[in-house]
Amino acid sequence: MRRPVRSVLILLVVAGLALASTLAWQRWTRAPIAEAEKQFYARRFLSVLAPQSYDNQPLSNAVSLPADQPPHSRIMAAYRAERGTTPVAVVLISQVQGYAAPIRLTIAISAQGRLIGTQVIEQQESPGLGGRINDPQVNWLGQFANRRLEDRWAIKRDQGDFDQLAGATVTSRAVIQAQQDALRYFDQHRARLLGALNHD
């Protein structure tokens, strides 16, 4: 009888030590994992900004959004990039309906109201067609850099200023509308997005 009891006790001790070491390991690695995730999202969301253009942590500087939303897309979040105490840009997280599914974008707008750049965060468009919106070799999103709200935000076949992705008219129109919406949203809520209401 003693031998089985002793074996059970040893097993319980080993199991307890294993559990304790697992919990200690998780606690010890939690902070580095969280920091790595934060850095990953920072690189992904802020890749539209030149790193030397700001010196704060924009993802820690979220702006509360006004209740109203643009007509064609949805602004999910806004972050302010600053240099010193001066706002230099706003990064908007936008979602618009594409051909196959919603497309999520980061859209950076300078304090002067010019579009700095747009990056695709998530999309499920058709491979080889709309799926090329974030293809660096095609660089379709590059044509929107430095544009303003006053530009003609449509594809050329709709009397606009922009080329479309071949075979992806719906995707092209959706992304163009999302960028125009973002610029209009920035223009309407400039003071809040840039923090002018807090600086006065």
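What share of the 200 residues of the protein chain counts as buried? I looked this up before anything else, and the figure comes to 39% of the 200 residues. I note at the outset that I am working from a predicted model.

**Entry 1: the overall layout**

I went through the secondary structure next, and I find 4 helices and 4 strands in the protein chain. Read from the N terminus on, the elements follow the order α-β-β-β-β-α-α-α.

**Entry 2: helix α1 and a surface patch**

I then turned to helix α1, which covers residues 2–45, and looked up L12, which has its place in that helix. L12 has a relative accessible area of 56% and is exposed, since the cut-off for that class is over 50%. I also find L12 in a nonpolar patch on the surface, where its partners are V5, V8 and L9. Together the four residues of this patch have about 380 Å² of accessible area.

**Entry 3: strands β1 and β2**

Strand β1 takes up residues 73–83, and I checked how well it is covered. Of its 11 residues, 8 are buried, so I record the strand as largely enclosed by the rest of the structure. Its partner is strand β2, residues 86–97, which runs antiparallel to β1 and is joined to it by 10 bridges. The hairpin of these two strands has 2 residues between them, and in it I note that G84 takes a positive phi near 70°.

For one position I followed the pairing in detail: R80 has V90 in β2 as its bridge partner. The side chain of R80 also meets that of E82 in a salt bridge, with an N to O distance of 4.0 Å. I looked up the cover of both residues, and E82 and R80 are each buried.

**Entry 4: a position in β4**

I looked up Q119, which is found in strand β4. With 29% relative accessibility, Q119 counts as partly exposed. I then took the C-alpha to C-alpha distance from Q119 to I107, and it is 6.6 Å, although the two residues are 12 residues apart in sequence.

**Entry 5: aromatic pairs**

How many aromatic pairs does the structure hold? I count 4 of them. One of these is formed by W140 and F144, which meet edge-to-face, with 5.1 Å from centre to centre and 80° between the planes. I checked the cover here too, and both W140 and F144 are buried. F144 also pairs with F162, and this pair is tilted, at 4.7 Å centre to centre and 50° between the planes. Both F144 and F162 lie in the loop between β4 (115–122) and α2 (169–188), so their contact ties together parts that are 18 residues apart in sequence. For F144 I find a relative accessible area of 0%, which puts it among the buried residues, and F162 is likewise buried, at 0% relative accessibility. Following the ring pairs further, I see that they link W140, F144, W153 and F162 into a cluster.

**Entry 6: salt bridges**

I find 9 salt bridges in the structure. Side chains of opposite charge can pair when their charged atoms come close. Among the bridges is the one between D163 and K156, at 2.9 Å from N to O; D163 counts as partly exposed, with 39% relative accessibility.

Another is formed by R173 and D158, whose closest N and O atoms are 2.8 Å apart. This pair links distant parts of the chain, as R173 is in helix α2 and D158 in the loop between β4 and α2, 15 residues apart. R173 is partly exposed, with a relative accessible area of 33%, and D158 is partly exposed as well, at 31% relative accessibility. I also record a network in which salt bridges that share partners join R147, D151, R152 and D161.

**Entry 7: helix α2**

Since R173 is in helix α2, I finished with the helix itself. Why do I call the span of α2 in agreement with its length? At 1.5 Å a residue, its 20 residues should span 28 Å, and the C-alpha atoms at its ends are 28 Å apart, so the two values agree. As to cover, 14 of the 20 residues of α2 are buried, and I therefore enter this helix as mostly covered.

Terms used. Residues are numbered from 1 along each chain as its sequence is written. Side-chain values use heavy atoms; hydrogens and water are left out. Rings of Phe, Tyr and Trp (its six-membered ring) pair if their centres lie within 6.5 Å; planes under 30 degrees apart count as stacked, over 60 as edge-to-face and the rest as tilted. Buried means under 20% relative accessible area, exposed over 50%, partly exposed in between (1.4 Å probe, protein chains only). Two strands pair if DSSP finds at least two bridges between them. The expected span of a helix is 1.5 Å times one less than its number of residues. Patches are made of residues with over 30% relative accessible area and no salt bridge: like charges are joined within 9 Å, nonpolar side chains (Val, Leu, Ile, Met, Phe, Trp, Tyr) within 5 Å. Accessible areas come from the Shrake-Rupley method with a 1.4 Å probe; for residues, only the protein chains shown count as cover.
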